[in-house]
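Good morning. I have a few minutes on one protein, and I will go from the whole chain to single residues.

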Amino acid sequence: MNNEEKEPQPIRASDGKGYYNRGPHDSLRDIEGPDFLVPPATDHGTLPNMRFSYDDVRNRLEDGGWAREITNREIPASDQVAGVDMNLGPGVYREMHWHKEAEWGLMLYGNARVTAIDENGKSFIDDVKAGDIWNFEAGVAHSIQGLDQGCEFLLVFSEPDFSENNTMLITDWLAHTPKEIVAANFKKKISELENLPTKEKYIFKKAVPKPIEDVKRPNNNGETPLPLTFHMDSLKPIESEAGRVWIVDQKEFPAAKTISAAIVEVEPGGMRELHWHPKGAEWQYYIQGEARMTVFNSNGLARTFDYRAGDVGYVPTVAGHYVQNTGKEKLIFVEVFKNPDYSDISLNKWMATTPSQIVADHLNLTKEFVESLPQEETPTPVIWFDQDKINQDIKKHTSSNPFDREESNGLNAKDVF
């Protein structure tokens, strides 16, 4: 067998278009992105890139942790938000800081403690675990510290060019303020402040903190009126035939006034149905599994992308799309929007509620055929792609936390992050 027979080739079987790639190429990339090498015949025109992997960006390594970011530098089409993947070991801090963008966080692994203070001097402290969410609006000062398990989390910011390297850090601020000013502010002598850091700490190691009740300090202004964290165990998913969706917006999490999200699980053989979002672009992070998505954006433009765990995807506002599970394990991903209210429009629902003759006239179908199409009374956002799966005995799990449920192979979803 020659190399041409061993490696994927840019030849489409359905119509024979394409030819052998005999020049320099990366066959591993071809395997990871089969729809780049051989796009479906339905792809048309040129759409910008809407996929980037955290494995392809610089990782900022610090004392006990790391951070890596994907902004509009990596995905120029992403015009609303940016994202950071961060990891902290046990006891390790992401130091006290603030920024001009809203921050929405999703715990991917482990546990952590978050603290904050708002513009009214009200404070907040809570411990979070895998699957939990936090939200800090612009200007709210906060900190994050890994607990006994350490942690990894996704951060989404409300500006596309946000950089984690440009936040307002408490150590950086004091290092660049005259010592006599700092001393006067704290009502101390300059000699008492000799050990203040001379540069930013950013991420640094310390001991795992004691329980909240042992360290919480009194505040005459009280606590923030709304919790700044959301525990996923408190939210029931929308159960569908081939998966489930958890929607977290300001109706469920009132403190999240800028960003909303949906966490989606798709069983093998399933897909997130054809739909679009009328109120914002969709920024995706793939947590587990493999997926395929075609983005349709008017004027006959369509492009298909392949995704794996650790990838970021993007869909422009109102662009039609689906997300298909192309792997053998459960697909888990998060859809994030720069809008406090989550919204989508289902193609199936649109067709099911429009007079059947109108649909038939548009699609060259009979009225009877249109009336046989899906007519779900309740939303069914995750449906079967592989029709054979409908008749198989697929175990559906009912835990209220997508990050803490046993898979059929005996692993917890959180174990693969």
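I will start with how to read the model, then give overall figures, then walk through some residues.

This is a predicted model, where local features need pLDDT of at least 70, side-chain atom pairs count only at pLDDT 80 or more, and totals for chains, interfaces and linings use all residues. Residues are numbered from 1 along each chain as its sequence is written, and side-chain values use heavy atoms, with hydrogens and water left out.

First, the whole protein. The secondary structure consists of nine helices and 24 strands. Helices (H or I, at least four residues) and strands (E, at least two) are DSSP runs, numbered from the N terminus. The C-alpha trace spans about 85 × 55 × 45 Å along its principal axes. What is the radius of gyration of the protein? It is 24 Å, which agrees with the value near 22 Å for a compact globule of 417 residues. That radius is taken over C-alpha atoms, and the globule rule is 2.2 Å times the number of residues to the power 0.38.

Next, burial. Of the 417 residues, 48% are buried. Buried means under 20% relative accessible area, exposed means over 50%, and partly exposed is in between, with a 1.4 Å probe and protein chains only. The accessible surface comes to about 21,100 Å², and 52% of that belongs to carbon and sulfur atoms. Those areas come from the Shrake-Rupley method with a 1.4 Å probe; for residues, only the protein chains shown count as cover.

Now contacts, meaning heavy atoms within 4.5 Å. Among contacts with a separation of 6 or more, 75% are between residues 24 or more positions apart.

On to single residues, beginning with Trp104. Trp104 sits in strand β6, residues 103–117. Is Trp104 buried or exposed? Its relative accessible area is 0%, so Trp104 counts as buried. Not counting residues up to four places away in sequence, Trp104 touches several residues, including Ile133, Trp134, Leu154, Ile259 and Val334. Trp104 and Ala256 are 152 residues apart in sequence, yet 7.7 Å apart in space, C-alpha to C-alpha.

Phe230 is another buried aromatic residue, with a relative accessible area of 8%. Phe230 belongs to strand β12, residues 229–230. Leaving aside neighbours within four places in sequence, its contacts include Asp132, Ile133, Val248 and Phe253. Ile133 is thus a name we have met before, in the contacts of Trp104. The C-alpha atoms of Phe230 and Val248 are separated by 8.8 Å, and the two are 18 residues apart along the chain.

Two loop residues come as a pair. Thr258 lies in the loop between β14 (243–248) and β15 (260–266), and Asn339 lies in the loop between β22 (331–337) and β23 (345–346). Thr258 touches Asn339, and also, among others, Ala102, Ser158 and Pro340. From the other side, Asn339 is in contact with Thr258, Ile259, Ser260 and Lys279, leaving aside neighbours within four places in sequence.

Both side chains also take part in polar pairings. A polar contact is a pair of N or O atoms within 3.5 Å; within protein, one must be able to donate a hydrogen and the other to accept it, and residues adjacent in sequence count only if both atoms are side-chain atoms. The side chain of Thr258 makes such a contact with the side chain of Glu137, at 2.6 Å. The side chain of Asn339 reaches the backbone oxygen of Lys279 at 3.3 Å. Although Asn339 is in a loop, it is buried, with a relative accessible area of 16%.

Asp15 is in the loop between α1 (3–6) and α2 (27–32). At 36% relative accessibility, Asp15 counts as partly exposed. Its side chain makes a polar contact with the side chain of Arg12, at 3.0 Å.

Last, two residues picked for their backbone. Ser298 has a positive phi of about 70°, and it is not a glycine. Asn364 has a positive phi of about 55°, and it is not a glycine either. Why mention the sign of phi? Because most residues other than glycine have a negative phi. Ser298 is in the loop between β18 (290–296) and β19 (302–308), and is partly exposed at 37% relative accessible area. Asn364 is in the loop between α8 (356–363) and α9 (367–371), and is exposed at 72%.

That is the end of the tour.
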